[in-house]
Amino acid sequence: MTAQSVKPGARRVGPALWFVGPLAVLVAVWAVAVAAAGTPMRVFPQVGDVAAAIGDMASSGDLFRHLGASLRRMGLGIVLALVTALPFGIALGSSRLLSAFFAPLLRFSVALAGIAWIPVATLWFGYGDRAVIFIVWNAMFFALTYNAMLGVRQIPLQLLRAARSMGTSRTRMFTEVLLPGALPSIVTGLRVGLGYGWRGLVAAEIIASDAGLGYALFQAQKYFRTDVIIASMVIIGVLWLLMDRLLLAPLERRTVQRWGMTGVGR
Amino acid sequence: MTALEISGLRKTYTDDYSGEEVTAIDEVSFGVEKGEFVSVLGPSGCGKTTVLNIVAGFVDLSGGTVVVDGRPVAGPGPDRGVVFQSHALFPWKTAYGNVVFGLRMRGVPRTERDERAREYLDLVGLGGFEHRYPHELSGGMQQRLGVARVLANEPAVMLMDEPFASIDAQTRRKLQEDLTRIFESRRPTVFFVTHDVDEAVFLSDRVVVLSGRPSRVRDIVEVPLSRPRRWDEALALPAFRATANRVNELLAGDEDDAGHLDAVS
C-alpha cells in the first residue's frame, strides 16, 4: 500500500525499460553484424535502410492503407471469435457430456486452425476481406472455445452451488458466474488465439488480398525490396507487442489479477 | 414453529468401483425450530455433510422427506442459504458485491440492496471493507463475509458446513463468539455441521449426534446453557463440561461399532 503511494511514476520506469531494452540490443546487434559482414542490401538491409523504407511507406500513405486494412480485419475477426467462441465454449464447459465429446475434436481443430484453412477460405469467399476475416476468426475460434470450456470446468463446485442456492437463473448464471469464473482460462485462450489470429492474418493477406501488411510483405519480395520486407516484418512484430501490452495486459490487470485469480485453481 | 423437518431420511448410492448398493444415511429424523441453533455432529465420513447437501438441494434423497417452512425441498433455493467450509465467495466480486448477490438475483431494488448490504456487513464487523475483494481479506473475515452473504437474503434456514474447520485455532474461537453474538442478536434458524464437540456445544441449543455409516440419529442432546455465551464463561461452567462429555460418550460408543464393522469387512 505505502510503496504504491510514494512513487507512482518510478514503478513504471522499470518494466518499460525491460520492454524496450532487449529490442534496442537486438537492433544494435543487427547494425553491427550487417556492417561487420558487409552484407549487401538485397540479402539483408542495414537498420538505416529499413528505417528509410518505413519512412517512405509512411510518406506515400501505403503504410497507413496497409495498416488500416490489417487492423480492421483483425478487429472484426476478434469480435466475431469472441461472440461465437465464448458462448459455445461456456456451454460446452457446463455439460460433462458435451465437453467429453468436443474436447478431442477441439484439440484436433486447434492444430489445423487458421493457415491450413486459407485454400478453403478462398474457395468459399474469393479473394479479399471476407476470406481474411474468416481466417482470423477461424484461427482464434478453437483455442478460445477450448480454453473457455476448460475455464468453466475449473470453476469450484462450491461456487456454482453458492450461486444456485441464492436463486440464480440459468441465463444469469452465464454472465454472473460462468463467464467471470472462466476468465483466467479465457485470457490464456485469448493470448494463444490472438497469436494464431495475427499469424493467420499475415498469411491470408499474402495469399488472398490486395492490401494489408502481409500483402505489402509479399509485394516487396516481387521487386527484390528486402528493405521493405524487413520493414513490414518489423511493423508486424511491433504491432503484436503493442496488442499484447495495450489489450491483453490491461485486461489481465483489471480482472484476474485484481481478483486474485492468477494462482492455480483460483 | 418448525423451520426444518427431516423425517426418515435415507440416502443410498451405487458404488462406482464395486457396483454394490451402499447405504450412506439409513434413517435420520429431527426438526429445527424457528430461531433455533442445531448442530449435527458425527464421526468423520458419517454422512453429516450429505445430510446438509440434501437439505440444501444439492444432492437428491433416496427416501424420506425434507420440509423447509412447510414446503418439501426440491433443488437449491434462496430459502436455504449455505455457508461453505471453503467460503465459496465470488473472487470477482467485492465484499459488497458478494453480499448483494442473492438480492440482485431476486430483483430486490438497488436502494434496499445497499441498505441491507450495509446492515449485514456492519453486523459481521466488515463495515468499511465493502470494496475489498475476497482475496484481500483474512480467512476469518472471508467466513464472516460468507455469513453476511447468506443472512442478507434472510433465508428460512442458514446451513453451515464446517465453516471454521480450516481456520487456525485462535481465530476459530473468535469466530465462534462472533457467530454466537450474531445468532443472539438476530435469531436466525441455523443448521450447523461440525466434528468439533466443544464447538457444537458452545454454539447450539441442541446437538444431533449421528452414528457412523450408515448414519442414524444416536441421540439428540439439549444444551442447558443460557445466552449470551462467551468462551471464558462457558468453559468454567460444569454444565458445559457435562454436556460435552455426554456428546463425547455418544461418539465413543460409535467408535466401538465402527471398529466392529472394520473387523468384519
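## A shared core and the parts around it

The largest nonpolar core here has 146 residues, and those with the most contacts inside it are Ile135(A), Met140(A), Val55(B), Ala148(B), Phe191(B) and Val247(B). Helix 7 of chain A (residues 129–153) gives the most to this core, with 18 residues. Domain 1 (1–79 + 158–237) and domain 2 (87–154) of chain B both give residues to this core, so it lies between them. Keep in mind that this is a predicted model.

Let's pick out one of those well-connected residues. Setting aside neighbours within four places in sequence, Val55(B) is in contact with Leu4(B), Val66(B), Val73(B), Arg80(B), Leu159(B) and Phe191(B).

**Two domains in chain B**

Now for how chain B is split up. Its two parts are domain 1, made of 1–79 + 158–237, and domain 2, covering 87–154. Their C-alpha centres lie 24 Å apart. Where they meet, 13 residues of domain 1 of chain B are in contact with 14 residues of domain 2 of chain B. On the domain 1 side, the largest share comes from helix 6 of chain B (residues 169–186), which supplies seven residues. Sorted by class, that side of domain 1 of chain B has nine nonpolar, one polar and three charged residues.

**Strand 3 of chain B**

How many residues of strand 3 (residues 37–41) of chain B are buried? Five of its five are, which leaves the strand mostly covered. Phe37(B), Ser39(B) and Leu41(B) point one way from the strand, while Val38(B) and Val40(B) point the other way.

Strand 3 of chain B has the pairings below, with the residue that stands opposite Val40(B) in each partner.

| Partner of strand 3 (chain B) | Sense | Bridges | Opposite Val40(B) |
|---|---|---|---|
| Strand 8 (residues 190–194), chain B | parallel | five bridges | Val193(B) |
| Strand 9 (residues 206–210), chain B | parallel | four bridges | Val208(B) |

So much for the table; Val40(B) itself is buried, with Val193(B) opposite in strand 8 of chain B and Val208(B) as its bridge partner in strand 9 of chain B.

**Over to chain A: helix 10**

Helix 10 of chain A runs over residues 213–222, and its buried residues are Leu213(A), Gly214(A), Tyr215(A), Ala216(A), Leu217(A) and Ala220(A). What do they pack against? The buried residues of helix 10 of chain A sit against helix 4 (62–93), helix 9 (170–208) and helix 11 (226–257) of chain A. Helix 10 of chain A is followed by Phe224(A), which has a positive phi, near 55°.

Terms used
Residues numbered from 1 in each chain as written. Chains lettered and ligands numbered in written order. Predicted model: local features only at pLDDT ≥ 70, side-chain atom pairs only at ≥ 80, totals over all residues. Buried ≥ 20, exposed ≤ 12 C-beta atoms within 10 Å, placed from the backbone. Helix = DSSP H or I, 4+ residues; strand = E, 2+ residues; numbered from the N terminus. Contact = placed C-beta atoms within 7 Å. Core = buried A, V, L, I, M, F, W, Y, C linked by C-beta atoms within 7 Å. Domains from an automatic or database assignment. Nonpolar A, V, L, I, M, F, W, Y, C, P; charged D, E, K, R; others polar. Pairing = 2+ DSSP bridges.
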